[in-house]
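Me: Can you walk me through this structure? I'm new to this, so keep it short.

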Amino acid sequence: MILARVIGTVVATRKDPRLEGTKLLVVRTLSPEGKPEAGYLVAVDTVGAGVSDRVLVVQGSSARMAPECKERPVDAAIVGIVDTVQLES
């Protein structure tokens, strides 16, 4: 799983028909401490996330296991909205 923050949306009027009705969000990966990292992803939202939410993202075959992503060309999916992260010293 990847910890990330939603930083934007993607609108694609022409896309694979299997992606019709999906919400595409741009996420930036975060360190466990919440600091932005270098990577960006476009992920299918399966949980109703919005801009500035911290989220959990899965990739590859794990992304295609989400019910909203089955039989769709998806490589990244948002599967959770993070409330808190607690790190032990």
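Me: Is D45 buried or exposed?
Reply: D45 counts as buried, at 10% relative accessibility. Buried means under 20% relative accessible area, exposed means over 50%, and partly exposed is in between (1.4 Å probe, protein chains only).

Me: Anything I should know about the model itself?
Reply: This is a predicted model: local features need pLDDT of at least 70, side-chain atom pairs count only at pLDDT 80 or more, and totals for chains, interfaces and linings use all residues. Residues are numbered from 1 along each chain as its sequence is written, and side-chain values use heavy atoms, with hydrogens and water left out.

Me: Back to D45. Which residue forms a salt bridge with D45?
Reply: K23 does, with the closest N and O atoms 3.2 Å apart. A salt bridge here is a side-chain nitrogen of Lys or Arg within 4 Å of a carboxyl oxygen of Asp or Glu.

Me: What does that pair tie together?
Reply: K23 lies in the loop between β1 (2-10) and β2 (24-30), and D45 lies in strand β3 (residues 36-45), so the pair ties together parts that are 22 residues apart in sequence. Strands (E, at least two residues) are DSSP runs, numbered from the N terminus. K23 is partly exposed, with a relative accessible area of 39%.

Me: How many salt bridges are there in the whole structure?
Reply: The search finds 2. D16 and R18 also meet in one, at 2.8 Å, N to O. D16 is partly exposed at 26% relative accessibility. R18 is partly exposed too, at 45%.

Me: New topic. How are the strands arranged?
Reply: They make a closed barrel of 5 strands, running β1-β2-β3-β5-β4, with mixed pairing. Two strands pair if DSSP finds at least two bridges between them.

Me: How many bridges join β4 to β5?
Reply: There are 5, and the two strands run antiparallel. Q59, for instance, has A76 in β5 as its bridge partner.

Me: And which residues make up the largest nonpolar core?
Reply: That core has 11 residues, including A4, V27, L41, V57 and I78. β1, β2, β3, β4 (54-59) and β5 (76-81) each give two or more residues to this core. A nonpolar core is a set of buried Ala, Val, Leu, Ile, Met, Phe, Trp, Tyr and Cys residues joined through side-chain atoms within 4.5 Å.

Me: What does A4 touch?
Reply: Not counting residues up to four places away in sequence, A4 touches V27, R28, T29, L30, D53, R54, V55 and V57. Contact means heavy atoms within 4.5 Å.

Note on methods: Helices (H or I, at least four residues) and strands (E, at least two) are DSSP runs, numbered from the N terminus.
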